[in-house]
Amino acid sequence: MRPFEQVVAEHGAMVLRVCRAVVGPDDADDAWSETFVSALRAYPDLDADANIEAWLVTIAHRRALDVVRTRARQAIPLDSIPDRPASAPAETDPDLWAAVAQLPTRQRQALAYHYLGGLKYPQIAELIGSSPDATRRAAADGMRTLRSRITKETSHV
C-alpha cells in the first residue's frame, strides 16, 4: 500500500471540494479534517484493490453529516457579526457555490459525489439511500437548475 501521505496529497483537494459542496465553505475544513482522521485509522485495513476515491468520498459523506449534526446542536453566542474570512483557493467561484448551496440536499449530494468525487450513480445511490435512477435524475435536475441560474446571472451582466 502507498504511504497515507500520498493518498492525502492526491485526493485531498477532491475531498475538500466534496465537503464544500455538501456542508458549505464554513464547515468544509472540519469535515475534511475529520475525513482524513477517520481514513488514517481505517487505511491499514483497506483492501489493496479498493477504490480509494470512492472510499474517501464515502467517509467524507459520513463526516460531513456528523459536522452538520454537531453544528445544529451548538449554540454560538456572538456580540457582533464577524468579518467573513478571505475566500478559499482561486478555484472557488462564489456565485457558483452560492447556487450549489441553494439546491435541494439530494441534488447537491448527487452533483458533489458524481462530479467532484468521481463516484458512479449506483455508488452514490447506496451512499445516500436512494436508487441509481433517482440519483441520476437528482444530478440532472441539479445541473439543469445550476445552468439556468448561471445563465440568468450572466445575461444580466
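A helix here is a DSSP run of H or I with at least four residues, numbered from the N terminus. With that in hand, let's work through this predicted model together.

**Exercise 1.** Find the helix that holds Thr135, and decide whether Thr135 is buried or exposed.

*Solution.*
- Step 1: Thr135 sits in helix H7, which covers residues 132-155.
- Step 2: Buried means under 20% relative accessible area. Thr135 has 2% relative accessibility, so Thr135 counts as buried.
- Step 3: Now look at the neighbours. Leaving out residues up to four places away in sequence, Thr135 touches Ala110, Tyr121, Ile124, Ala125, Ile128 and Ser130.

**Exercise 2.** Describe how helices H1 and H2 pack, and sort the residues of their contact by type.

*Solution.*
- Step 1: Locate the two helices: H1 spans residues 4-23 and H2 spans residues 25-42.
- Step 2: Their axes are 8 Å apart, and the packing angle is about 140°. The crossing of H1 past H2 is right-handed.
- Step 3: List some partners. On the H1 side they include Phe4, Val8 and Leu16; on the H2 side, Trp32, Phe36 and Leu40 are among them.
- Step 4: Sort the residues of this contact, and you get 13 nonpolar, three polar and three charged.

**Exercise 3.** Compare two aspartates, Asp27 and Asp47: is each one buried or exposed?

*Solution.*
- Step 1: Place them. Asp27 lies in helix H2, while Asp47 belongs to the loop between H2 and helix H3 (52-73).
- Step 2: Asp27 has a relative accessible area of 16%, so Asp27 is buried. The cut-off for exposed is over 50%; Asp47 has 54% relative accessibility and therefore counts as exposed.
- Step 3: Check the surroundings. Asp27 touches Val67 and Arg71, not counting residues up to four places away in sequence. Asp47 is 46 residues from Met1 in sequence, with 9.0 Å between their C-alpha atoms.

**Exercise 4.** Work out which residues of helix H4 are buried and why they lie on the same side.

*Solution.*
- Step 1: In H4 (residues 94-101), the buried residues are Trp97, Ala99 and Val100.
- Step 2: These residues cover an arc of only 160° around the axis, so they lie on the same side of H4.
- Step 3: Turn to the face away from that buried side: there you find the exposed residues Pro94 and Ala101.

**Exercise 5.** Judge how confident the predictor is along the chain.

*Solution.*
- Step 1: The chain's average pLDDT is 85, and 85% of the residues score at least 70.
- Step 2: Look for a weak spot: over residues 86-90, pLDDT stays under 50. For this stretch the model has two contacts beyond four places in sequence.

Methods: Residues are numbered from 1 along each chain as its sequence is written. This is a predicted model: local features need pLDDT of at least 70, side-chain atom pairs count only at pLDDT 80 or more; totals for chains, interfaces and linings use all residues. Side-chain values use heavy atoms; hydrogens and water are left out. pLDDT is the predictor's confidence in each residue, from 0 to 100. Contact means heavy atoms within 4.5 Å. Axes are lines fitted to C-alpha atoms, for helices over the stretch in contact, and angles run from 0 to 180 degrees between N-to-C directions. A crossing is left-handed if the near helix is turned anticlockwise from the far one by less than a right angle, and right-handed if clockwise. Ala, Val, Leu, Ile, Met, Phe, Trp, Tyr, Cys and Pro count as nonpolar, Asp, Glu, Lys and Arg as charged, and the others, Gly among them, as polar. Buried means under 20% relative accessible area, exposed over 50%, partly exposed in between (1.4 Å probe, protein chains only). The arc is that of the directions from the helix axis to the C-beta atoms.
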